[in-house]
Amino acid sequence: MLSKLVTHEQAVEHVLDGTRLMYGGFGTIGSPAHLIDAILHKGVQSLTLIGIDAGYPEIGIGKLISHGRVRRLITTHIGSNPEAGQQMMDGMLEVTFYPQGIFAEKIRAGGVGIPGIVVDAHVRGERMEGAEPFIFAERTCQIEAALTAEVGIVYAKQADTYGNLIYDKAARNLNPLVAMAADITIAEVEEIVPAGELDPDKIVTPGIFVDYIVVRGGGNS
């Protein structure tokens, strides 16, 4: 079995101008910070970002926004990143907001191959383009399309060489869903061990969803 371990530079070769990039993390918790730095250093432009928040201006995913590398952001809130708010007001950044529950479910649907989910038509206060409301269980509903990405970047505490992942408490957040919903998934991990050494009962993301692994702050970083 070949190892999926690569350097950060090799991993971000898959992130190109205009890439639709999905990321795990909530604020700084569970954020693949070193992969984000590598993407910033690469200099790609016009990214579409999909993640639960906009990070902070100079921490985490917010760095890409602050440096003008992002064209569109699909998220649930941007309150911790004033730069994102300013760019949105100035028309430099297109932002689409979703309630967090619907947002997470849209990513989960994308990961399991479901094209869309049924939501209450009044939750967002707007109708998705092309979506017609309908009555279901005596409620006015509409279809929301699933969310997927060309590249997903996630953070985990441990991985084996096959890519099985174990997360650390709240740092798990949306990382398992992101890992499922991307065409190419790159995992940034604290520790990597030989295949077969992880406790199977603690594995959350099976290695079949992970294409590449990088080690945070050492080894092949």
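## Helix α5, the sheets and some outlying residues

Helix α5 (residues 100-112) lies across β5 and β7, and its direction is about 160° to β5. Helices here are DSSP runs of H or I with at least four residues, strands are runs of E with at least two, and both are numbered from the N terminus. Angles run from 0 to 180 degrees between N-to-C directions, with axes fitted as lines to C-alpha atoms, for helices over the stretch in contact, and contact means heavy atoms within 4.5 Å. This is a predicted model, so local features need pLDDT of at least 70 and side-chain atom pairs count only at pLDDT 80 or more, while totals for chains, interfaces and linings use all residues. Residues are numbered from 1 along each chain as its sequence is written, and side-chain values use heavy atoms, with hydrogens and water left out.

**The antiparallel sheet under α5**

- Strands β5, β7 and β6 make an open sheet of 3 strands, in the order β5-β7-β6, with antiparallel pairing; two strands pair if DSSP finds at least two bridges between them.
- The edges belong to β5 (116-120) and β6 (134-136), each of which has a single partner strand, so one side of each has no neighbour in the sheet.
- From one strand to the next, the twist averages 50°.
- Between β5 and β7 (residues 139-145), which run antiparallel, there are 5 bridges.
- If you want a spot to look at, G116 has A145 of β7 as its bridge partner.

**F103 in helix α5**

- Buried or exposed: which is F103? At 0% relative accessibility, F103 counts as buried; the cut-offs are under 20% relative accessible area for buried and over 50% for exposed, with partly exposed in between (1.4 Å probe, protein chains only).
- F103 sits in helix α5, and leaving aside residues up to four places away in sequence, F103 touches I50, G51, I52, I74, T75, T76, Y98, L147 and L174.
- One of those neighbours, G51, is 52 residues from F103 in sequence, yet the C-alpha to C-alpha separation in space is 8.8 Å.

**Parallel pairing around β10**

- Strand β10 (residues 182-193) pairs with β8 (residues 149-160) in the parallel sense, over 10 bridges.
- Within that pairing, I153 stands opposite I186 of β10.
- β10 also pairs in the parallel sense with β11 (residues 212-215), over 4 bridges.
- There, V189 has V215 of β11 as its bridge partner.

**The cavity**

- Searching the whole structure for cavities of 30 Å³ or more turns up 1; a cavity is a set of points on a 1 Å grid over the protein atoms alone where a 1.4 Å probe fits but cannot get out, and lining residues have an atom within 4 Å of a point.
- The largest cavity has a volume of about 30 Å³, taken as the space filled by probe spheres set on points joined across faces, edges and corners.
- Its lining consists of Y23, G24, G25, G27, S31, D53, G60 and I61.

**Helix α2 and what follows**

- Helix α2 (residues 33-42) has L35, I36, A38, I39 and L40 buried.
- Right after α2 comes G43, with a positive phi near 90°.
- S46 has a positive phi too, near 55°, and S46 is not a glycine.
- You'll find S46 in the loop between α2 and β2 (47-50), where S46 is partly exposed with a relative accessible area of 37%.

**The loop between β9 and α6**

- K169 lies in the loop that runs between β9 (165-166) and α6 (175-181).
- Phi of K169 is positive, near 50°, again in a residue other than glycine.
- K169 counts as exposed, at 75% relative accessibility.
- R172 is in the loop between β9 and α6, and R172 is partly exposed with a relative accessible area of 40%.
- Not counting residues up to four places away in sequence, R172 touches Y167 and V204.
- How far apart in space are R172 and S31? They are 9.5 Å apart, C-alpha to C-alpha, with their positions 141 residues apart in sequence.
- S31 is also one of the residues lining the largest cavity.

**S3, before α1**

- S3 belongs to the segment before α1 (8-11).
- At 42% relative accessibility, S3 counts as partly exposed.
- S3 and H122 are 119 residues apart in sequence, and C-alpha to C-alpha they are 48 Å apart in space.

How values were computed: 1 Å grid on protein atoms, 1.4 Å probe; cavity = no way out; pocket = protein on both sides within 12 Å on 5 of 7 lines; lining within 4 Å.
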